[in-house]
Every structure is written in C-alpha cells, then in structure tokens.
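Here are my notes on the model you sent round. I went through the overall fold and then a handful of residues, so have the viewer open while you read.

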Amino acid sequence: MKLNINGTAHNVDVPKDMPLLWVLRDRLGLTGTKFGCGVAQCGACTVHVDGQPKRSCVTPVKFLGNSKITTIEGLDSPQAKAIQDAWCAIDVPQCGFCQSGQVMTATNLLTEKPNPTDDDIDGALAGNICRCATYVRIRQAVHDAADKLAG
C-alpha cells in the first residue's frame, strides 16, 4: 500500500485494516502522534487527512488511498508556526502527552477560522483531552497565535 505522509510517498506492507496510528509509529517511526485511548475519544492521535483533523487510532489505512496525511512532524504552515510559538511562549504543555493532538487541532482551527472566539476554540478542541488540564492556557495560546497571524 502506498501512503502520502508529510509530502513523501511511503510503501508499507501492512494489513488494510491496520489503524494509521500503528503504521505511523511502528512502521515509519513517526512517534509524534500518540496513542491515548484507542477509541477516538482523547485526541492524542490526531493527524490531518486532506487538511482535516482525523483520529488515527481508528482510521484503517484502507480508507486513505490517495489522501494527503500530515503528522505533527510534517506540520509546516504559518498557522502551525504561530501555534507552536504561542504554545512555547506561555508554557502550555505540562506533561506534554496530548500536545501533538492539541497542536494539530488548533492549527486546523486557525486555518479555517483565523479569528476564533472562545466558543470556537472550546468547540474545536472539545475532543482533545488534556490530563494536566491546561485548557485556559491552550485557549490563550490559540488567541495569541491568531493575534500574531493578524499582525
């Protein structure tokens, strides 16, 4: 099977029902995408598929075909840079486990909605659970990133 991951074609010999998460982590060594719950509830495994957030733990590779898959390692856009800079500036991560999923989702939010409200941020990130409960800082970092992008 051929997968387009982070702009590179990868030929992987895996069962078609294997979740993308395990292809990324175990077969390709892209460990930035995390295993959290395994049932698409925590968001730690979030990647972008054709520009949209997708839970890789429940996405069999057979459904990906010609899709463009982006992991945290391949995230490269002005929105991603602004989010990552804001995350670091106000020390969002504590344990850091959920952060790749949070960053992937927040980047998509800013791409689709450059000036999000608190409700927009809370709604977009509702499916991303942070065990350390840094939700207030996450929301602030998204606002800071949006402000930076707006100039």
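The points below start with the whole chain and then go residue by residue.

1. First, a reminder that this is a predicted model, so every value here is computed from predicted coordinates. The chain has five helices and five strands, and read along the sequence they come in the order β-β-α-β-β-β-α-α-α-α. The radius of gyration is 15 Å, close to the 15 Å from the globule rule for 151 residues, so the chain is as compact as a globular protein of that length. If you want a box, the C-alpha atoms fill one of roughly 45 × 30 × 25 Å along the principal axes.

2. Some bulk numbers. Of the 151 residues, 42% count as buried. The accessible surface comes to about 7600 Å², and carbon and sulfur atoms account for 50% of that surface. Looking at contacts between residues at least 6 apart in sequence, 60% join residues at least 24 apart. On the charge side, there are 15 positive and 15 negative charges, and their mean positions lie 7 Å apart.

3. Thr 46 deserves a good look. This residue belongs to strand S3, which covers residues 46–49. Is Thr 46 buried or exposed? Thr 46 has a relative accessible area of 1%, under the 20% cut-off, so it counts as buried. What does its side chain reach for polar partners? One is the backbone oxygen of Gly 43, at 2.7 Å. Another is the side chain of Arg 55, through a polar contact of 2.8 Å.

4. Staying with Thr 46, the contact list is worth clicking through. Once neighbours within four places in sequence are set aside, Thr 46 is in contact with Pro 53, Lys 54, Arg 55, Gly 101, Met 104, Thr 105 and Asn 128. Arg 55, then, appears in that list and also as the side-chain polar partner mentioned above.

5. Asn 108 is another buried polar residue to check. Asn 108 sits in helix H3, residues 99–112, and its relative accessible area is 7%, which makes it buried because the cut-off is under 20%. A polar atom of the Asn 108 side chain lies 2.8 Å from the backbone oxygen of Gly 51. Leaving out residues within four places in sequence, Asn 108 is in contact with His 48, Gly 51, Gln 52 and Pro 53. Pro 53 is also one of the contacts of Thr 46.

6. Now for backbone angles. Asp 50 is not a glycine, yet its phi is positive, near 50°. Where is Asp 50? You'll find it in the loop between S3 and strand S4 (52–55). Asp 91 also has a positive phi without being a glycine, at about 50°. Asp 91 is in the loop between helix H2 (78–89) and H3. With 51% relative accessibility, Asp 91 counts as exposed, because the cut-off is over 50%.

7. Val 14 is in the loop between strand S2 (8–11) and helix H1 (20–27). Although it is a loop residue, Val 14 is buried, with a relative accessible area of 11%. Not counting residues up to four places away in sequence, Val 14 touches Val 23, Arg 27 and Val 61. Measuring sticks aside, Val 14 and Pro 78 are 64 residues apart in sequence and 34 Å apart in space, C-alpha to C-alpha.

8. Two more loop residues to finish. Thr 117 is in the loop between H3 and helix H4 (118–124) and is partly exposed at 41% relative accessible area. Its C-alpha is 8.1 Å from that of His 143, with their positions 26 residues apart in sequence. Cys 132 is in the loop between H4 and helix H5 (135–150), again partly exposed, with a relative accessible area of 26%. Cys 132 touches Gln 94 and Cys 95, leaving out residues up to four places away in sequence. How far from Phe 63 is Cys 132 in sequence and in space? The answer is 69 residues in sequence and 33 Å in space, C-alpha to C-alpha.

Conventions:
Residues numbered from 1 in each chain as written. Predicted model: local features only at pLDDT ≥ 70, side-chain atom pairs only at ≥ 80, totals over all residues. Heavy atoms only, no water. Helix = DSSP H or I, 4+ residues; strand = E, 2+ residues; numbered from the N terminus. Buried < 20%, exposed > 50% of the residue type's maximum accessible area, 1.4 Å probe, protein only. Polar contact = N/O pair within 3.5 Å; in protein donor to acceptor, adjacent residues only side chain to side chain. Contact = heavy atoms within 4.5 Å. Rg over C-alpha atoms; globule rule 2.2 N^0.38 Å. Areas by Shrake-Rupley, 256 points an atom, 1.4 Å probe, with all protein chains shown as cover. Lys, Arg positive; Asp, Glu negative; His and termini not counted. Charge placed at Lys NZ, Arg CZ, Asp CG, Glu CD.
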